[in-house]
Amino acid sequence: MTISSVEKSAAVSVSADIAIIGGSGLYQMQDLTNKRSVSISTPYGKPSDDIVLGELNGVTVAFLTRHGQGHKLTPSEVPYRANIYALKTLGVRYVISVSAVGSLREALKPLDMVIPDQMIDMTKHRNSSFFGEGAVAHVAMADPLCPKVADILTRAYTQAQIAEGQCHAKATYICIEGPQFSTRAESHWYRQMNADIIGMTNMPEAKLAREASMAYATLALVTDFDSWHPTEEDVSADYAIQNLMKNAGNAQQVIKEAVALLAAEQPKSIAHNALAQALVTPVEAMSKETKTRLSALLP
């Protein structure tokens, strides 16, 4: 099934209110039923992979693997704008982002989960906005992650009754460019910046979700202690993936509970009207080409 962004806007049967972006180690949702794949073209190219529409306990969701099946895209190669735009064309209002992270704090241990409320963007080579080239918008990012969706993730963790690890709310996620892990000096520097966890993928994803008026929150899976810890093993791909795979099943249980809560409560988010308050260029002043390119986003 192949649908362009324009065709999708009229295809009511192909829609979802909730999206899950799966990171490293989460390439599918095992409990997803009635699955069908949708290939969407956007003004920003193709997403990382086809989007899988299906049901979790009767709730329709869209699932997208961030790095593509087979994990073929580095963090810098992920087509973040295409991913978010494609989800927007499906009618998505809530996004649960699942991400592997390193811990920068003693209390946040491998196999724990973290639901951050703040972010630091240290990326360098990524397109972080849909705007420019004829349209200007400045969205507010003081609280870059939706507190309502974050609260639901926290409650979902409790309901899932995970046997191992703990859940930590309210933490700062620092996003680096990658694909290399931190040097020891950098790891200590990030700790001095009051960052709690470190990853490579949630920026500019969170910024773009805000521009798309989508409520976005992160379920971060701790895999390692980065490179700062005096006694624990330094991060490596093998070590991180080993811990990640142990936690992937737990993450799916939390997501199932969170999807049910989101569907039942449908909270109003600070993100849902973000663009309406941020758009500087009047729509009528935009060129036809600009309005077409931004058609899925404009209020």
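**Notes on the predicted model**

Strands β6 (residues 94–103) and β12 run parallel to each other and pair over nine bridges. Please keep in mind that this is a predicted model. Here are some points to follow with the structure open.

1. **Strand β12 and its partners.** A good place to start is β12 (residues 215–224): ten of its ten residues are buried, so the strand is largely enclosed by the rest of the structure. On the β6 side, Tyr-94 has Ala-215 of β12 as its bridge partner. Strand β7 (residues 113–115) also joins β12, this time antiparallel and through two bridges. There, Met-113 is matched with Leu-221 of β12.

2. **Thr-172.** This residue belongs to strand β10 (residues 172–175). Thr-172 has a relative accessible area of 15%, and it counts as buried because that is under 20%. Leaving aside residues up to four places away in sequence, Thr-172 touches Gln-118, Met-119 and Ile-120, along with Asn-194, Ala-195, Asp-196 and Ile-197.

3. **Helix α3.** The 14 residues of α3 (residues 147–160) should span 20 Å at 1.5 Å a residue, and the end C-alpha atoms are indeed 20 Å apart. Its buried residues are Val-149, Ala-150, Ile-152, Leu-153, Ala-156, Tyr-157 and Ala-160. Viewed down the axis of α3, these buried residues fall within an arc of 155 degrees, so they line one face of the helix. Just after α3 comes Gln-161, with a positive phi of about 55 degrees.

4. **Rings.** The model has five aromatic pairs. Ring pairs link Tyr-44, Tyr-85 and Phe-130 into a cluster. You may also like to look at Trp-228: the charged end of Arg-191 sits over its ring, 3.8 Å from the centre.

5. **Two cis peptide bonds.** Most peptide bonds are trans, which makes a useful background for this point. Gly-178 and Pro-179 are joined by a cis bond with omega of about 0 degrees, and Pro-179 is in the loop between β10 and α4 (184–192). A cis bond also joins Met-203 and Pro-204, with omega of about 10 degrees. Pro-204 lies in the loop between β11 (197–199) and α5 (205–211).

6. **Positive phi at Asn-34 and His-71.** Asn-34 has a positive phi, near 50 degrees, and is found in strand β3 (residues 33–41). With 54% relative accessibility, Asn-34 counts as exposed. The phi of His-71 is positive too, near 50 degrees, but His-71 is placed in the loop between β5 (59–65) and α2 (80–89). At 32% relative accessibility, His-71 counts as partly exposed.

Terms used. Residues numbered from 1 in each chain as written. Predicted model: local features only at pLDDT ≥ 70, side-chain atom pairs only at ≥ 80, totals over all residues. Heavy atoms only, no water. Helix = DSSP H or I, 4+ residues; strand = E, 2+ residues; numbered from the N terminus. Buried < 20%, exposed > 50% of the residue type's maximum accessible area, 1.4 Å probe, protein only. Contact = heavy atoms within 4.5 Å. Pairing = 2+ DSSP bridges. Expected span 1.5 Å × (residues − 1). Arc of directions from axis to C-beta. Phe/Tyr/Trp six-rings, centres within 6.5 Å; stacked < 30°, edge-to-face > 60°. Lys NZ or Arg CZ within 6 Å of the ring centre and 35° of its normal.
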